[in-house]
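User: I would like to go through this model term by term, asking each time what justifies the word that is used. Please set every value against its definition before you conclude.

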Amino acid sequence: MKFMIAIWISALATAVCGKDETERPVQTQTRPVKAPTAGTHGVTETEIVLGEPAAFTGPWDGLGIEQWRGINAAVMEQNDAGGVHGRKIRVVVADDAYEADRAAPAVVKLVKEHDVFAIFAGGTPTIVKALPVVKEYHAREGLFYFANFTGAQAQRNPPYFEVVFNVRASYQQETKAMVDAYVAAGRKGIGTFVQDDAYGTDGR
């Protein structure tokens with residue numbers, strides 16, 4: 001999380017989205033990411049506000065809570081070191097319980113109630129539903145998603161790849177690496193056991 005939050009945001013002034021060489025339709029354009037300036041949504045003279053929709057209730061609350069703890073530790077360290085371009089990072093959260101039907105409302109809440117600069121750390125079942133909302137606000141206000149812990153392919157394909165800055169490899173890239181290793185080891189039969197949802201679909 002320290003890399004995802006502190007290092008990535010610190011590099012906003014010079015960061016460039018790279019090219020992805022996978023066989024599937026993926027992001028192929030490069031474009032500069034400008035340093036945030038006061039007056040930008042979620043950016044003032046003293047702080048940058050980031051939104052984290054995650055599970056803080058329900059059966060997946062441990063995932064959201066522990067993720068927040070790691071993020072908070074990284075943000076505190078970055079702020080103690082001076083923040084980003086002299087601005088402190090402030091993270092606000094919205095509970096989506098890791099449920100797909102609550103994902104879009106959680107993003108809307110972060111935008112409308114907290115005027116966030118960016119959304120980050122999304123998971124597979126939720127980001128698929130949140131992407132259309134982020135794309136809409138991206139067109140109007142420049143909102144974007146970054147450093148998601150999911151490797152879901154939807155965020156790497158049109159029409160959504162332009163509103164996501166990925167740090168993690170995709171599930172397809174990770175699966176390909178595993179299959180390549182098995183083939184190199186002489187394995188000829190590979191079985192899969194996957195969930196019946198968006199996460200499992202990418203695995204297949």
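User: What makes the pairing of Arg168 with Glu174 a salt bridge?

Analyst: The closest N and O atoms of Arg168 and Glu174 are 2.9 Å apart, and a salt bridge is defined as a side-chain nitrogen of Lys or Arg within 4 Å of a carboxyl oxygen of Asp or Glu, so the pair qualifies. This is a predicted model, in which local features need pLDDT of at least 70 and side-chain atom pairs count only at pLDDT 80 or more, whereas totals for chains, interfaces and linings use all residues. Residues are numbered from 1 along each chain as its sequence is written, and side-chain values use heavy atoms, with hydrogens and water left out.

User: Why is Arg168 called partly exposed?

Analyst: Its relative accessibility is 28%, and the scale calls a residue buried under 20% relative accessible area, exposed over 50% and partly exposed in between (1.4 Å probe, protein chains only), so Arg168 falls in the middle class. Its partner Glu174, at 29%, is partly exposed as well.

User: How many salt bridges are found in the whole structure, and which of them lie within a helix?

Analyst: The search of the whole structure finds six. Among them is the bridge between Arg69 and Glu66, with N and O 2.7 Å apart; both residues lie in helix H2 (residues 61-80), three residues apart, about one turn of the helix. Another is formed by Glu136 and Arg140, whose closest N and O atoms are 2.7 Å apart, and these two residues are four apart in helix H4, again about one turn. Helices here are DSSP runs (H or I) of at least four residues and strands (E) are runs of at least two, numbered from the N terminus.

User: What makes Arg140 exposed but Glu136 partly exposed?

Analyst: Arg140 has a relative accessibility of 52%, and therefore counts as exposed, while Glu136, with a relative accessible area of 42%, is partly exposed. In the bridge of helix H2, Arg69 at 48% and Glu66 at 45% are each partly exposed.

User: How do you know that Glu52 has no salt bridge?

Analyst: The nearest side chain of opposite charge is that of Arg69, 11 Å away, where Lys and Arg count as positive and Asp and Glu as negative, His and the chain ends not being counted. A separation of 11 Å does not meet the limit of within 4 Å, so Glu52, which is buried, is left without a salt bridge. Glu52 lies in strand E1 (residues 47-54), and beyond its neighbours up to four places away in sequence it touches residues including Trp68, Ile71, Val92, Leu110 and Phe120, contact meaning heavy atoms within 4.5 Å.

User: Why is Gly42 called buried, and what does it contact?

Analyst: Gly42 counts as buried because its relative accessibility is 6%. It lies in the loop between helix H1 (2-10) and E1, and its C-alpha atom is separated by 7.7 Å from that of Ala118, 76 residues away along the chain. Leaving aside neighbours within four places in sequence, Gly42 is in contact with Glu47, Ile48, Val49, Asp115, Val116 and Phe117.

User: What makes a group of residues a nonpolar core, and which residues have the most contacts inside the largest one?

Analyst: A nonpolar core is a set of buried Ala, Val, Leu, Ile, Met, Phe, Trp, Tyr and Cys residues joined through side-chain atoms within 4.5 Å. The largest has 21 residues, and those with the most contacts inside it are Val107, Val116, Ile119, Leu143 and Tyr145. Strand E2 (88-95), helix H3 (100-114) and helix H4 (124-141) are the elements that give it two or more residues, and H4 supplies the largest share, six residues. A second, separate core of 15 residues includes Val43, Leu50, Phe117 and Ala121.

User: How much of the protein is buried?

Analyst: Buried residues make up 41% of the 204 residues. The protein has six helices and five strands, and from the N terminus on its elements run α-β-α-β-α-β-α-β-β-α-α.
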